[in-house]
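I am opening a fresh page for this structure and jotting down what I look up as I go. Come along if it is new to you too.

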Amino acid sequence: MARAETLELINYAHKHGFVTLLATNAFLIDETMAENIAASGVTTVNISLDSLREDRHDSLRGVRGAYQKVMRAIELLDKYSSDVKIGICTVISNENLDELVDIVRWIQENDKIDGMGFQAITQPFSTPEDLHWYTDSRYSSLWPIDLKKVDKIMNGLIKMKESGFNKLGNSLPQLQVFKAYFHNPNDFVKQKKCHIDTQAINITPTGEIRICFYMEPIGNIKYDDINTVWNSSKAEMIREKIAQCKRNCQSMVNCNFDPSEVYIY
């Protein structure tokens with residue numbers, strides 16, 4: 001919710017029949033904002049929550065009071081709209097590994113929350129590409145190093161998914177991939193090539209049109225016709241680069257995981 005016109009854009013998309021999702025850390029959701037979000041017609045609000053421990057969540061987010069803002073946002077969004085679905089997004093790291101099962105149980109029992117999804121920690125955004133980023137001392141507290149513990153926790157989540165914890169949104173293949181990824185983060189998780197070249201189009205805040213966030217843009221929405229650039233020679237060149245890419249990025253492991261594809265685990 002960084003831009004003032006975000007809710008206006010959501011409302012425009014809603015009126016044209018789009019399913020919309022708003023991802024937020026909830027820090028700006030007060031009474032007025034909750035009312036405005038409900039009125040926008042947004043389908044789902046996904047709130048980041050990395051720990052049920054207030055001090056740990058605040059530490060991971062780097063802002064004191066972040067945890068209380070999340071809890072308040074859940075109450076307010078539930079108060080102002082029964083139509084808006086509330087989701088929780090939790091990033092798996094060494095810091096919260098021991099809490100994952102408890103988080104799933106808490107969400108399953110919380111009538112205000114409609115679902116949740118885990119994401120495995122990947123290289124932080126806007127940092128220089130580094131295949132061995134997880135060995136960097138700056139991230140040593142975040143990367144899980146106890147692989148027996150990783151397996152135990154992941155197997156526990158898999159059993160929960162199998163036994164009917166229906167608010168856990170990750171598919172069984174993705175939970176298996178998480179386990180394999182933490183063991184060998186540089187082993188490409190897919191049997192074949194990356195599929196994002198046919199499943200995503202990204203528009204950055206400055207208008208850049210990207211097939212993949214990690215590769216150069218194919219145009220700019222301010223000046224270019226999107227159909228033209230999507231079918232351009234530049235786009236085909238990017239798709240060829242994507243076909244050769246074997247990086248376990250945020251899109252591949254988390255956001256654009258496709259359980260119908262063939263993965264290795």
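**Entry 1: cysteines**

I started with disulfides, keeping in mind that this is a predicted model. How many disulfides are there? The count came to zero. I wanted to see why, so I went through two cysteines by hand. For Cys89, I found the closest cysteine sulfur in Cys255, at 7.5 Å, which is too far for a bond. A disulfide needs its two sulfur atoms within 2.5 Å. For Cys212, I found the closest cysteine sulfur in Cys249, at 5.8 Å, so that pair is too far for a bond as well.

I also checked whether these two cysteines are buried or exposed. Cys89 counts as buried, at 15% relative accessibility. Cys212 counts as buried too, at 7%.

**Entry 2: salt bridges**

Next I searched the whole structure for salt bridges and got 14. I picked out a few to look at.

My first pick joins the side chains of Arg61 and Asp50, with N to O at 2.8 Å. Arg61 lies in helix 3, which covers residues 54-61, while Asp50 lies in the loop between strand 2 (44-48) and helix 3, so this pair ties together parts that are 11 residues apart in sequence. I then looked at how accessible the two partners are. Arg61 is partly exposed, with a relative accessible area of 32%, whereas Asp50 counts as buried at 6%.

My next pick pairs Asp136 with Arg138, and their closest N and O atoms are 2.8 Å apart. Arg138 counts as exposed, at 60% relative accessibility.

Then I turned to Lys190 and Glu261, whose side chains meet in a salt bridge with N to O at 2.8 Å. Which parts of the chain does this pair tie together? Lys190 sits in the loop between helix 7 (172-183) and helix 8 (196-199), and Glu261 in the segment after helix 11 (250-255), so the pair links parts that are 71 residues apart in sequence. Lys190 counts as buried, at 2% relative accessibility. Glu261 counts as partly exposed, at 29%.

I also noted a network: salt bridges with shared partners join Glu31, Arg72 and Lys79.

**Entry 3: Ala26**

I moved on to a single residue, Ala26. I found Ala26 in the loop between strand 1 (21-24) and helix 2 (31-40). Its relative accessible area is 0%, so Ala26 is buried.

What does Ala26 touch, once neighbours within four places in sequence are left aside? I listed contacts with Ile47, Lys69, Val70 and Ala73. I took a closer look at Ala73, one of those contacts. The C-alpha atoms of Ala26 and Ala73 are separated by 6.1 Å, although the two residues are 47 residues apart along the chain.

**Entry 4: a pocket**

Last, I looked up the second largest pocket, which holds about 170 Å³ of space. I counted 15 residues in its lining. Which of them lie nearest the centre? They are Leu131, Trp133, Asn186, Arg247 and Asn248. Sorting the lining by class gave me seven nonpolar, five polar and three charged residues.

**Back over my notes**

For a quick reread, I kept three things: the count of disulfides is zero, the whole structure has 14 salt bridges, and Ala26 is buried at 0% relative accessible area.

Conventions: Residues are numbered from 1 along each chain as its sequence is written. This is a predicted model: local features need pLDDT of at least 70, side-chain atom pairs count only at pLDDT 80 or more; totals for chains, interfaces and linings use all residues. Side-chain values use heavy atoms; hydrogens and water are left out. Helices (H or I, at least four residues) and strands (E, at least two) are DSSP runs, numbered from the N terminus. Buried means under 20% relative accessible area, exposed over 50%, partly exposed in between (1.4 Å probe, protein chains only). Contact means heavy atoms within 4.5 Å. On a 1 Å grid over the protein atoms alone, a cavity is a set of points where a 1.4 Å probe fits but cannot get out, and a pocket is an open set with protein on both sides within 12 Å along at least five of seven lines; lining residues have an atom within 4 Å of a point. Grid points are joined across faces, edges and corners, and a volume is the space filled by probe spheres set on the points. Ala, Val, Leu, Ile, Met, Phe, Trp, Tyr, Cys and Pro count as nonpolar, Asp, Glu, Lys and Arg as charged, and the others, Gly among them, as polar. A salt bridge is a side-chain nitrogen of Lys or Arg within 4 Å of a carboxyl oxygen of Asp or Glu.
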